[in-house]
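Reader: I would like to go through this structure by question and answer. Please end each answer on the item asked for.

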Amino acid sequence: MRRLFAALSTAVAMGFGLFMLWGLVAGSGFVNSYANNILKLVLPTVAIGVLIGLLNLLGVHFGRIRRRERQWGYSLIVIVAAAAVIILWLLNVDDVNRLLLEDVQVAIESALAGLVLFALVYGAYRIMSRRVSWGNFLFILSLLVILIGALPLRETAFIADVRAWLLAVPVSAGARGILLGIALATVVTGVRVLIGQDRAYRE
């Protein structure tokens, strides 16, 4: 019975996967129309999944507050913030929502981004205190160029140009390489599902 269920789930996954792939390749026609309708059915499922995740998150924090676990005050802050955002969204108070987004969330994100500076400097100190190598030296040099080049000073104009080149060429190339790796991994995972070789179907 277990093998039959595994074979049935594999057949359903492969069938829907091939049908959706056919609909995307076709571009138009009844296959593409049915594929779009299936996608419209999937979107509410994703929304329900997000809602279940939110309820699970609130349930976990309610449990921490009820059991008076260590640092349960943070759980109380999470619940109050989530309730406030949901209530304001239901009441459609645009001014307050914009205030929370621009003056609260953006300020917190900026503060966290500022902490990255100290994390990088501390990481550079730890690296150089353990072992000095060409890789560590290159990391420190790149860090200094990026940080000094971001300063709005006339004396650092040349370093700012080097920083702009680093961000435009090597960093951009690395980011594109990471995105290509993610795309290839996604394709490989999709192919494994389509041919029934995914681990979930073989167990």
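Author: One definition is needed at the outset: a residue is buried when its relative accessible area is under 20%, exposed when it is over 50%, and partly exposed in between. The model is predicted.

Reader: Is Q71 buried, partly exposed or exposed?
Author: Q71 has its place in the loop between α2 and α3. Its relative accessibility is 49%. Exposed requires a value over 50% and buried a value under 20%, so Q71 counts as partly exposed.

Reader: What is the phi of Q71?
Author: Q71 is not a glycine, yet its phi is positive. The value for Q71 is about 60°.

Reader: Which residue in the loop between α2 and α3 has a phi near 55°?
Author: The residue is one other than glycine, and its phi is positive. It is found in the loop between α2 and α3. With a relative accessible area of 54%, it passes the cut-off of 50% and is therefore exposed. The residue is R68.

Reader: Over the face of which residue does R68 lie?
Author: A charge sits over a ring if, for Arg, CZ is within 6 Å of the ring centre and within 35 degrees of the ring normal. R68 lies at 4.9 Å from the ring centre. The ring belongs to W72.

Reader: How far apart in space are L54 and R68?
Author: L54 lies in helix α2, while R68 is in the loop between α2 and α3. At 30% relative accessibility, L54 counts as partly exposed. The two residues are 14 residues apart in sequence, and their C-alpha to C-alpha distance is 21 Å.

Reader: How many salt bridges are there?
Author: The rule asks for a side-chain nitrogen of Lys or Arg within 4 Å of a carboxyl oxygen of Asp or Glu. The side chains of R64 and E69 meet at 3.6 Å, N to O. Those of E69 and R67 meet at 2.8 Å, N to O. The count comes to two.

Reader: Which residues are linked in a network of salt bridges?
Author: E69 takes part in a salt bridge with R64 and in another with R67. R64 has a relative accessible area of 22% and is partly exposed. E69, at 31%, is partly exposed, and R67, at 49%, is also partly exposed. The network links R64, R67 and E69.

Reader: What is the volume of the largest pocket?
Author: Rolling a probe the size of a water molecule over the atoms shows where empty space is left. The space in the largest pocket comes to about 320 Å³.

Reader: Which helix gives the most to the lining of the largest pocket?
Author: Among the lining residues are I77, W89, N97 and I108. Two helices, α3 (72-91) and α4 (94-130), each supply at least two residues of the lining. One helix gives six residues, the most of any, and that is α3.

Reader: How many residues of the lining are charged?
Author: The lining includes A81, V85 and L100, which count as nonpolar because Ala, Val and Leu are in that class. Nine residues of the lining are nonpolar and two are polar. The number of charged residues is none.

Reader: Is the aromatic pair of W134 and F137 stacked, tilted or edge-to-face?
Author: A search of the whole structure finds one aromatic pair. W134 and F137 form that pair, with 6.3 Å from centre to centre and 90° between the planes. Planes over 60 degrees apart count as edge-to-face, so the pair is edge-to-face.

Reader: By about how many helical turns are W134 and F137 separated?
Author: W134 is exposed at 73% relative accessibility, and F137 is partly exposed at 43%. Both lie in helix α5 (residues 134-149), three residues apart. The separation of W134 and F137 is therefore about one helical turn.

Reader: How far is L144 from Y125 in space?
Author: L144 is found in helix α5 and counts as partly exposed at 46% relative accessibility. L144 and Y125 are 19 residues apart in sequence. From C-alpha to C-alpha, the distance is 12 Å.

Methods:
Residues are numbered from 1 along each chain as its sequence is written. This is a predicted model: local features need pLDDT of at least 70, side-chain atom pairs count only at pLDDT 80 or more; totals for chains, interfaces and linings use all residues. Side-chain values use heavy atoms; hydrogens and water are left out. On a 1 Å grid over the protein atoms alone, a cavity is a set of points where a 1.4 Å probe fits but cannot get out, and a pocket is an open set with protein on both sides within 12 Å along at least five of seven lines; lining residues have an atom within 4 Å of a point. Grid points are joined across faces, edges and corners, and a volume is the space filled by probe spheres set on the points. Helices (H or I, at least four residues) and strands (E, at least two) are DSSP runs, numbered from the N terminus. Buried means under 20% relative accessible area, exposed over 50%, partly exposed in between (1.4 Å probe, protein chains only). Rings of Phe, Tyr and Trp (its six-membered ring) pair if their centres lie within 6.5 Å; planes under 30 degrees apart count as stacked, over 60 as edge-to-face and the rest as tilted.
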